[in-house]
Amino acid sequence: MSDRSDPADLMGRLRDGNPDEGLPDAILKLTPGGDAGAFCVLSIPLIYSSPRLARRPPHDTRRRYQTECRQTPILLLRAQEDLFVPPETIEWAISLQRTQYIELAKAIRAIGLLYQYGVRVFGEISGQDDFELLLWNFLAYRMKVEPVIKAEAEALPAWRRVSLAAAHFDFTAIREFGIFCAKRGKNLPWMGFGFGKAGLFNQRNRRILRSRETLLDHLLPYRDAFLDLVDDRVQFPRSLARSASYSTPYKPDLLTRDWIARLIRYEPNLTYKALWILLAFGGCRLSEALNIWATDVRSGYESTAFGCYDMTGMPFVLLAHPSRSRFIDSPRINLNIAITREEYLLSRYGSAARNLLPKSDKMRAGWKGVQPANGLLDLAWIYWIDPAMSVAFGELAGELRWFRQRSGAVDRSPYLFVNTASMQYLGNPTRIASVEQALKRASDRIGGLESGRTPTPHWLRYFYKNTARAELKLGPQQIQLMMHHASIESQEDYTKVIAGIRDAMQERYSKC
């Protein structure tokens, strides 16, 4: 195979700022000074070897094949100051030379769109999980599934909403390109690590996706449903079909301080009262709360030993990875002999970590991917937004520990939140479904919401986020860290961010 128009020569002319007259205007956007992530699809004549034999003289016994020239779509990308044509896209296009040109050009364009979304919105891909999350969110934004976050709208203002059929075409093209790359062992550093395995992303038992700082606002219930679309068949995420309405039912109501106060005041159940406080004023997810062990609620003066600011006077609540963390009871560990929580649960209680249980198991409590603040122990911690409520939680946590001892639950599991009401399940770890039903009952008991909608435990997390912004006047980076999605590269920056959280708390509540 040879090409009549060398892409390398074309890129050289573009770098020199002297594109040939008559080249598409889109190419000019790729010249130095343009935005990273820009791309265009060029139509270049390539000469192929035809499967048909060429005519030959009778005395010539050698096999010779005809050659033919076909217009082939070529992807031209811009990254920083460099222009390049990914060779994998050329090879893929050649392998599909019998495909109609228009369909092939649309497929190549889908790869360019994914690249543009990845560069301008998503950021660096660090593994296969990140690629899957990139793909789902790319498709969701193509269809403008709500909520559309500000970062997407600002980075890609020219993108228009497409139909389900168009998004399905992109999905299929990207998946087929991924399979092509995987079979040939191509890693595609220009797209990010793991793209070469993209053909494998629809298998059973794939890992739970981890959340990312740049996609914090995407991680809402409707996109959680993507994780459940595990099937042996090649399929498109059916949840995206629910994209038509801009008045999405998934957007939570803005809960008020008064409503939260009544929720806590009139909750008779010890476990649920403690959970409402933790979720609303500690900001963790329900699944993270249900993975907390009794030993994870510690005195505030211990916070500095873990790398946090001084929380003396408030309970220090840890969010340790439910299976990987090596924190069992002390922050001082010997990595050569320390065991993980998964190993401890198996040896001490003969049970599996809750995040490793099958999805069909009612006791399962997943782990969304908390950004660890202490990498050695693989854990983060709660940042309280109300000192008085944190003290109330500490008192309830003490009562729960006492109940665990009295009921014998301490010999069955290490979890703090256990059933304190039902004689049949007394002392058993609290289930997610039970908490969801308890919140519904509690809402009915205190009068419900003005909108008439039924709140979910995740709405308490949004109350936490809104309160941190409105009352503590914290910025996006601080709130992201508090919600365990911010990735702070240097220790100096991290120290400044958490110091700002502490100062905001002191300023807000020293006036009360």
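In this predicted model, R262 pairs with D258 in a salt bridge whose closest N and O atoms are 3.2 Å apart. Both residues belong to helix 9, which covers residues 257-265, and they sit four residues apart, about one turn of the helix. R262 has a relative accessibility of 21% and therefore counts as partly exposed, since buried means under 20%. D258 is also partly exposed, at 49%, where exposed would need over 50%.

A second pair joins E267 to R445, and here too the closest N and O atoms are 3.2 Å apart. E267 lies in the loop between helix 9 and helix 10 (270-282), whereas R445 is in helix 15 (residues 432-445), so this salt bridge ties together parts that are 178 residues apart in sequence. The two partners fall into separate accessibility classes: E267 is buried, with a relative accessible area of 5%, while R445 is partly exposed at 42%.

Helix 15 also holds a pair of its own. The side chains of K440 and D444 form a salt bridge with an N to O distance of 3.6 Å. K440 and D444 are four residues apart in helix 15, about one turn of the helix. K440 is partly exposed, with 36% relative accessibility, and D444 is exposed, with a relative accessible area of 52%.

Side chains of opposite charge can pair when their charged atoms come close. Such contacts can also be linked to one another: R257, D386 and E471 form a network of salt bridges. In total, the structure contains twelve salt bridges.

Conventions: Residues numbered from 1 in each chain as written. Predicted model: local features only at pLDDT ≥ 70, side-chain atom pairs only at ≥ 80, totals over all residues. Heavy atoms only, no water. Salt bridge = Lys/Arg side-chain N within 4 Å of Asp/Glu carboxyl O. Helix = DSSP H or I, 4+ residues; strand = E, 2+ residues; numbered from the N terminus. Buried < 20%, exposed > 50% of the residue type's maximum accessible area, 1.4 Å probe, protein only.
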